[in-house]
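Biologist: Please take a close look at one part of this model and describe how its pieces are paired and packed. Then follow the chain on to whatever meets its partner.

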Amino acid sequence: MSMQLQAKAGDNQALSEQAPQQGEDSKGLSVLVVDDDEINRAVLKAMLQKDGHTVHIAANGAEAVAHYEAEQPDMVLMDIMMPVMDGYEAAQSIKASAGLRFVPIIFVTAIIDDQALAKCLAVGGDDFITKPISLVILRAKLAAADRIRRLYGALALQQSGLSAHHERLRYEHELAEQVFAKIVGNSSANAANIRAKLAPLAITNGDLILVGRTPHGRQNILMGDCMGHGLSAAIGAIPVTDIFNAMSRKGLVVGDMVKEMNRKLRATLPAGHFFAACLMEWDPRGGVVHIWNGGVPDVLLVAEGGRAVTRIASRNLALGVVDNEEMDIHVETCRVQRGDRLYLYSDGLVDVRDGAGLMFGQERLEKVVRDNRDRRRLFEEINEAVESFRGDRAQEDDITLVEVLCDESLLDGAEAHGEKPRRQPSCGMSIKLGPGGLGHFDPLNLVDSLVGGIAALENHRTPLYTVIAELYANALEHGVLKLDCALKKAPEGFAHYYDERERRLSELTEGWVNIDIEIFSNDAGGELILQIEDSGQGFAAVAASDTAQADSGVAASGRGISLARSLCKSLAHDARGNRARAVYAW
Amino acid sequence: MEMITVTENEKEGVVTIAPRKRFDFGAHRKFRESYKNKKGTVSRYVIDMKEVEYIDSSALGMMLLLREHATANKGVVVIAYCKPEIRKILAIANFDRLFEIK
């Protein structure tokens with residue numbers, strides 16, 4: 001196509017007048033002019049250069065594509081009808097190679113039928129200008145195209161900035177998850193008596209479930225909502241988890257744990273962040289649970305037999321809301337029996353909505369419990385009820401449900417757990433008695449000093465005395481002094497036995513008894529571990545005959561060990577029989 | 001201080017034996033004297049436990065020996081006024097089956 005470009009006189013006039021203002025927006029562009037007519041190219045080039053633009057020239061579509069690749073111009077003015085490759089094809093090719101870069105292509109054409117003009121836009125052109133070219137229009141269209149180009153460039157810059165930012169956030173989130181997993185992972189809900197609906201490591205939802213064991217065979221459970229996701233959830237979860245684990249190991253009580261967690265969260269959490277949680281301690285031996293509920297829905301205690309449901313409502317502020325001085329701590333204590341179940345759950349469970357926007361609610365939850373006929377199925381039934389209530393509606397909030405089954409047999413051996421070396425006694429003492437001390441040692445003095453140290457033992461003086469006196473008497477009389485307990489059976493023998501005891505004691509030149517006491521205690525109770533060892537050859541045979549005689553209920557002697565055993569949680573002798581280990585619990 | 005106090009009501013044939021706070025082998029001599037070599041007939045021995053706070057198996061043994069003696073002489077032994085902790089220890093030792101405990 002060749003057609004003379006006609007510059008009108010009026011246009012020139014206008015050009016010279018308006019150039020300064022118009023040029024503000026679109027000065028110094030790099031423009032690719034594509035036309036197979038040399039004169040057209042020259043005229044356009046002159047006009048553009050006069051406005052301060054840099055001009056590249058192409059004589060057909062193929063050249064245009066090559067020039068575009070090489071020069072990366074800001075804009076293209078494109079003729080349509082050209083040899084080798086026409087303008088439509090060249091435009092498509094340039095747009096394709098530009099990718100995300102925005103290059104305005106303005107078609108310059110003498111064709112004015114609607115179909116042809118529509119095609120200009122359809123192939124990717126951004127505008128068209130008809131020949132003969134009005135310089136005012138050309139300049140205005142150039143400026144408009146340049147505005148869009150700049151806007152596009154700015155958006156693209158922001159976009160890439162945003163995606164870099166997003167990348168970094170994702171990386172940090174993954175980092176937080178790793179930290180969270182490391183810290184929380186070790187204390188996750190892996191106890192056999194606990195079922196939890198959410199994977200405890202699902203940091204993305206911010207819910208936290210922790211389970212720990214105390215030295216006394218108690219189980220601590222924490223269910224909490226960390227508030228926030230990713231890093232902000234980890235900020236709260238990390239100190240809570242650390243404190244939970246450390247204090248569980250030490251066997252500290254719920255109230256103290258709550259105080260410590262609150263203190264730490266006040267110190268670390270940003271203002272306005274808090275941690276709704278429920279902390280629970282189950283004492284299988286005492287048959288009680290201690291529950292501190294700070295801002296989570298009512299905990300349900302479901303009895304194994306009967307329909308009884310006890311609710312333990314939140315009577316506390318969530319953690320991290322106020323300082324310890326302003327915080328009242330209400331810990332509820334409930335009696336539990338083997339087979340009872342406790343349900344802890346997040347807001348998300350009762351807030352689940354159905355298709356009509358109705359909430360599942362506490363009422364429906366408790367109805368599921370009332371309708372339940374097999375407690376073993378209750379956990380599933382609650383989940384099923386929530387799911388079927390929700391129907392097709394998308395889950396809006398995170399749902400956490402924890403079931404704690406009060407069945408001590410599911411816990412890994414409480415006794416074995418208690419004997420792990422990391423267990424630290426609250427206090428202890430060790431007494432070594434040689435020949436000189438054996439006659440003077442008085443079990444009552446030992447009881448007095450124990451009670452002096454541990455006030456809770458005041459009511460245990462009598463049985464404690466009996467246990468210590470019996471084990472000591474056994475060690476001394478049979479182990480060190482080698483007295484035969486058969487002596488005591490006859491009326492005269494009884495006196496003879498104790499005379500003989502005095503005589504041998506006064507003549508004693510060797511032999512010893514060691515007494516070791518360790519006490520593990522907290523506010524709820526404790527254990528005293530008494531170990532008595534003597535220098536004798538062992539009295540295993542004597543101990544065995546003790547039991548047999550005591551069972552007959554009439555023997556005048558040898559009932560000491562079985563009496564002590566009855567008063568203790570456990571009493572055992574080592575194989576040799578010269579070392580006794582008694583555990584007295586309160 | 002005496003480890004044990006013994007009072008006798010000869011007319012009614014009742015001997016009351018009251019150990020102190022601590023009832024153990026240290027009392028055995030005096031305890032035994034309370035019933036050995038009695039001239040009159042004793043139909044009833046009362047072990048008054050109201051002061052006793054600490055007890056061991058030698059005390060249980062002494063009470064069993066007293067019971068043997070009393071039974072042989074057609075008498076009874078009553079263990080009286082026990083503190084709850086002491087009562088519990090006696091129960092563990094199955095003394096309910098052998099003695100009247102009140």
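Modeller: In this predicted model, β6(A) and strand β15 (residues 401-405) of chain A run antiparallel to each other and are joined over 3 bridges. Within this pair, Ala196(A) faces Val402(A) of β15(A). Helix α11 (residues 378-390) of chain A lies against the sheet that holds the pair, and its contacts are with β6, β11 (299-302), β14 (341-345) and β15 of chain A. The direction of α11 makes about 165° with that of β15(A).

The sheet itself is open and has 5 strands, in the order β6-β15-β14-β11-β12 (chain A), with antiparallel pairing. Its edges are β6 (194-196) and β12 (309-312) of chain A, each of which pairs on one side only. From one strand to the next, the twist averages 15°. As a general point, the strands of a sheet pair through backbone hydrogen bonds, in either a parallel or an antiparallel arrangement.

Further along the chain is another sheet. It is open, with 5 strands in the order β16-β17-β18-β20-β19 (chain A), and its pairing is antiparallel. Here the edge strands are β16 (427-433) and β19 (570-573) of chain A, each pairing on one side only. The average twist from one strand to the next is 10° in this sheet. Inside it, strand β18 (residues 525-534) and strand β20 (residues 579-585) of chain A pair in the antiparallel sense, over 7 bridges. Across that pairing, Gln531(A) stands opposite Arg581(A) in β20(A). A helix packs here as well: α15(A) touches β17 (513-522), β18 and β20 of chain A. The direction of α15(A) makes about 10° with that of β18(A).

The helix α15(A) also leads to the partner chain. Between the two chains, 22 residues of chain A are in contact with 23 residues of chain B. On the side of chain A that touches chain B, the elements giving two or more residues are α15 (461-480), α16 (491-506) and α18 (560-567) of chain A. Of these, α15(A) supplies the largest share, 8 residues. By type, the residues on this side of chain A are 12 nonpolar, 6 polar and 4 charged.

To put the helix in place: α15(A) packs on the sheet through β17, β18 and β20 of chain A, and α15(A) also gives 8 residues to the side of chain A that touches chain B.

How values were computed
Residues numbered from 1 in each chain as written. Chains lettered and ligands numbered in written order. Predicted model: local features only at pLDDT ≥ 70, side-chain atom pairs only at ≥ 80, totals over all residues. Pairing = 2+ DSSP bridges. Helix = DSSP H or I, 4+ residues; strand = E, 2+ residues; numbered from the N terminus. Axes fitted to C-alpha atoms, helices over the stretch in contact; angles between N-to-C directions. Contact = placed C-beta atoms within 7 Å. Nonpolar A, V, L, I, M, F, W, Y, C, P; charged D, E, K, R; others polar.
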